[in-house]
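Hi,

Here is the structure I promised to send over. Have a look at it first, and then read on for what turned up in it.

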Amino acid sequence: MQADILVLLASLITEQRLAIVLVSHDFGVVSRLADRIHVMYAGRIVEEGTTAAVLGEPKHPYTAALLACIPRMDDPLDSPLRPIPGQPPEVRSLPTGCAFHPRCAYAQARCRAEAPGLVHDGARAVACHFPLPA
Ligand code: SF4
């Protein structure tokens with residue numbers, strides 16, 4: 001069913017010259033259809049860019065952690081899963097500073113005190129005080 005819908009969407013995009021906004025937790029689906037990706041956490045965009053750039057070189061720790069959760073076909077069968085620790089926050093009671101800081105492996109004092117804004121750099125944008133290097 002999902003594959004049929006993706007094929008239908010892809011043909012509509014091409015034949016009707018449509019732009020669509022696809023909301024999904026499935027990076028596999030997104031990578032098949034999207035030219036650009038906006039990653040959201042706790043109701044805010046934390047990273048955006050072309051699909052190849054965001055999936056190939058994530059700069060936000062949340063994007064990187066999401067990608068690390070996906071089991072790889074070449075992983076040994078007994079490889080442990082790599083979930084993101086903790087739980088997403090309640091949107092009505094967000095943590096101070098960066099909403100991802102309680103779950104982020106790179107969090108520092110500044111992250112707990114100050115919410116990062118979305119900083120654009122060419123075709124990329126990231127909301128993080130300490131973006132991951134390319
Ligand atoms: S601002 Fe700090 S806590 Fe938030 S994602 Fe970046 S490094 Fe992690």
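Let me start with R36, which is partly exposed because its relative accessible area is 38%. For that label, buried means under 20% relative accessible area, exposed means over 50%, and partly exposed is in between, with a 1.4 Å probe and protein chains only. Before going further, note that this is a predicted model, where local features need pLDDT of at least 70, side-chain atom pairs count only at pLDDT 80 or more, and totals for chains, interfaces and linings use all residues. Residues are numbered from 1 along each chain as its sequence is written, and side-chain values use heavy atoms, with hydrogens and water left out.

**Salt bridges**

What does R36 meet? Its side chain forms a salt bridge with that of E48, at 3.6 Å from N to O. The pair links distant parts of the chain, with E48 in strand 2 and R36 in strand 1, 12 residues apart. A salt bridge here is a side-chain nitrogen of Lys or Arg within 4 Å of a carboxyl oxygen of Asp or Glu. Strands are DSSP runs of E with at least two residues, helices are runs of H or I with at least four, and both are numbered from the N terminus. Unlike partly exposed R36, E48 counts as buried, since its relative accessible area is 12%.

The structure holds five salt bridges in total. Another one joins the side chains of R124 and E47, at 2.5 Å from N to O. This one also links distant parts of the chain: R124 sits in strand 4 and E47 in strand 2, 77 residues apart. Are those two residues buried or exposed? Both R124 and E47 are buried.

R82 and D75 make a further salt bridge, at 3.4 Å from N to O. R82 is partly exposed, with a relative accessible area of 37%, and D75 is partly exposed too, at 22%.

**The sheet**

R36 and E48 also lead into the sheet, as they sit in strand 1 and strand 2. As a general reminder, strands of a sheet pair through backbone hydrogen bonds, either parallel or antiparallel. In this model, four strands form an open sheet in the order 1-2-4-3, with antiparallel pairing. Strand 1 and strand 3 (119–121) are the edge strands, each pairing on one side only. On average, neighbouring strands of this sheet are turned by 20 degrees against each other, direction ignored. Axes for such angles are lines fitted to C-alpha atoms (for helices over the stretch in contact), and angles run from 0 to 180 degrees between N-to-C directions.

Two strands count as paired if DSSP finds at least two bridges between them. How many bridges join strand 1 to strand 2? There are six, between residues 36–41 and residues 44–50, and the two strands run antiparallel. Within this pairing, I37 stands opposite G49 and M40 stands opposite I45. The hairpin they form has two residues between the strands, and A42 takes a positive phi near 50 degrees there.

Strand 2 is also joined to strand 4 (residues 124–126) by two bridges, again antiparallel. Here E48 turns up once more, with A125 as its bridge partner in strand 4.

**Aromatic rings**

Rings of Phe, Tyr and Trp (its six-membered ring) pair if their centres lie within 6.5 Å; planes under 30 degrees apart are stacked, over 60 edge-to-face, and the rest tilted. By this rule there are three aromatic pairs. One of them is Y62 with F100, edge-to-face at 5.2 Å centre to centre and 65 degrees between the planes. Y62 lies in helix 4 (residues 61–69) and F100 in the loop between helix 4 and helix 5 (109–113), so the pair ties together parts that are 38 residues apart in sequence. Y62 is buried at 12% relative accessible area, and F100 is buried at 3%. Together with Y41, these two form one aromatic cluster.

**Out in the loops**

P80 lies in the loop between helix 4 and helix 5 and is exposed, with a relative accessible area of 62%. The C-alpha atoms of P80 and A3 are separated by 28 Å, and the two residues are 77 apart along the chain.

Over to you!
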